[in-house]
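Colleague: Hey, got a minute to walk me through this one? I'd like to get a feel for how it's put together.

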Amino acid sequence: MNVLAPGHRRLRIGDAWRDATSGATFEVEDPATGKTIAEVADAGAADGLAALDAASEALPGWSATPPRRRSELLTATYRSLTERSEEVARLITLEMGKPLAEARAEVAYGAEFFRWFAEEAVRVEGRYNTAPNGGYRILTVPKPVGPCVFVTPWNFPLAMGARKIAPALAAGCTTITKPAAQTPLTMLLLARIMEEAGVPPGVVNVVTTKRAGEVVSALLADTRTRKLSFTGSTEVGRVLLRQAAGNVLRTSMELGGNAALIVCADADLDVAVDGAMVAKMRNIGESCIAANRIYVEEPVREEFTARFAERMGALSMGHGLDDGVNVGPLIDGDSVTKIDDLVADAVGRGARVLVGSGRPDGPGHFYPPTVLVDVPEDARMLRTEIFGPVAPILSFTTDDEVMAKANDTEYGLVAYVFTRGLQRALRFAEGLDTGMLGINRGLISDPSAPFGGVKQSGIGKEGSHEGIGEYLDLTYAAIDLP
């Protein structure tokens, strides 16, 4: 299948692949070269509403489909993604930039959501019990919430869609996905794979657009939409929550992060350095769960910093499809400018650069792995999501001190702690204001675990048994038994 052929760049609405109503298109570029690799249909509000028409029409039939059949279709999608892993991974690298090895890992991760929720589809349960006073019976019946609108980001163009679509379909919902304009091709390929797997028309709709505000606003204003799930920045999440309030929509919001990674003096430094490299550099640092601030206890600060900086400096930067590349390009020029400005701000306030030579010349949106020390507390990079391969290292002397600093943020998505002390780890687990915590581990994402944050990092959970509940309403019936 040539996923860059014109027939694979249209909107997926109902049983058809079609152009935007206006005929408009937009360009998708390879961030490693800046060259256009495809033109994709640029939907408007009318196209979004046509997708909602299709999702609404398909809902009765899909919600009535036996759970076992829904499970089988999700399993078929899992198998197809696994069999076509290389094809999907190369497309991810081409439009997003991550190294091919990481793209392969994303395909495996994304496919697992279909396998996990294929298993959950047949385990949706209500309950029947006697009321406490014995006078009647209580029956609870879970039901699909209805048509769902998904707004997905560019950094994991397959996995973030899979994490939403799989539980929605398992629950009996129909879907409209608006992928990021930078990376629409992967979601279009997923829709094609699901169509070939036998998922009925109208259940999975994909609307690509550069006019996200126009399209999403129209969808959220329509009373047929009953659920919004968004992964992206807290700033955009606030806007969408205000719009969702108009029709009191169910919402799942996976928003920004400012993860602290804490290395204690009693940590195994081999484990800590390995974990910090994963937590910082997975996906080129373009991840909401990337380590944003690294705090190292003073007795091991010098050794950890030297070892971590050496590892960062040894990474190879280049096109993600080339052999031996560890670090691909950032998604666009604005991302490079933002990170370069954050580094300049920190250096201007007294920070020192140990590794990293600044923005390179040449084509593509590259920024080298960078390590800074002596970063002052007022540096902007400590307050915002860096979203790139830059690691500020700071020191601490007491657990109370570092927990206070780690919690001093509006975000609460994830944190990481490296220590060999069980009691110490438990104190951090209870004291850190975060939805997720990696203990002696830099990779925490797993389809079987509840992913989500607290504070302004989000609402709801994705993945795990809890994830399917985000797509179910509950009807309670009181049954009199005279």
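Colleague: So which domains does the domain assignment give for the chain?

Modeller: It gives domain 1 (6-255 + 457-478) and domain 2 (259-439); the bounds come from an automatic or database domain assignment. Keep in mind that this is a predicted model, where local features need pLDDT of at least 70, side-chain atom pairs count only at pLDDT 80 or more, and totals for chains, interfaces and linings use all residues. Residues are numbered from 1 along each chain as its sequence is written, and side-chain values use heavy atoms, with hydrogens and water left out.

Colleague: How many residues of domain 1 are in contact with domain 2?

Modeller: 28 residues of domain 1 touch 28 residues of domain 2, where contact means heavy atoms within 4.5 Å. The C-alpha centres of domain 1 and domain 2 are 31 Å apart.

Colleague: Okay, pockets. What volume does the largest pocket have?

Modeller: About 920 Å³. On a 1 Å grid over the protein atoms alone, a pocket is an open set of points with protein on both sides within 12 Å along at least five of seven lines, and lining residues have an atom within 4 Å of a point. Of the 45 lining residues, the closest to the centre of the largest pocket include Trp 154 and Ser 233.

Colleague: And where does the largest pocket lie?

Modeller: Domain 1 and domain 2 both give residues to its lining, so the largest pocket lies between them. The largest share of that lining, 6 residues, comes from α8. Helices like α8 are DSSP runs (H or I, at least four residues), strands are too (E, at least two), and they're numbered from the N terminus.

Colleague: Switching topic: which residues of helix α13 are buried?

Modeller: In α13 (residues 422-431), Arg 424, Ala 425 and Phe 428 are buried, meaning under 20% relative accessible area with a 1.4 Å probe and protein chains only. Seen down the axis of α13, these buried residues fall within an arc of 100°, so they line one face of the helix. The arc is that of the directions from the helix axis to the C-beta atoms.

Colleague: Which residues are exposed on the other side of α13?

Modeller: Leu 422, Gln 423 and Glu 430; exposed means over 50% relative accessible area.

Colleague: And what do the buried ones pack against?

Modeller: The buried residues of α13 pack against several elements, among them β12 (259-263), α12 (399-407) and β17 (414-418).

Definitions and conventions. On a 1 Å grid over the protein atoms alone, a cavity is a set of points where a 1.4 Å probe fits but cannot get out, and a pocket is an open set with protein on both sides within 12 Å along at least five of seven lines; lining residues have an atom within 4 Å of a point. Grid points are joined across faces, edges and corners, and a volume is the space filled by probe spheres set on the points.
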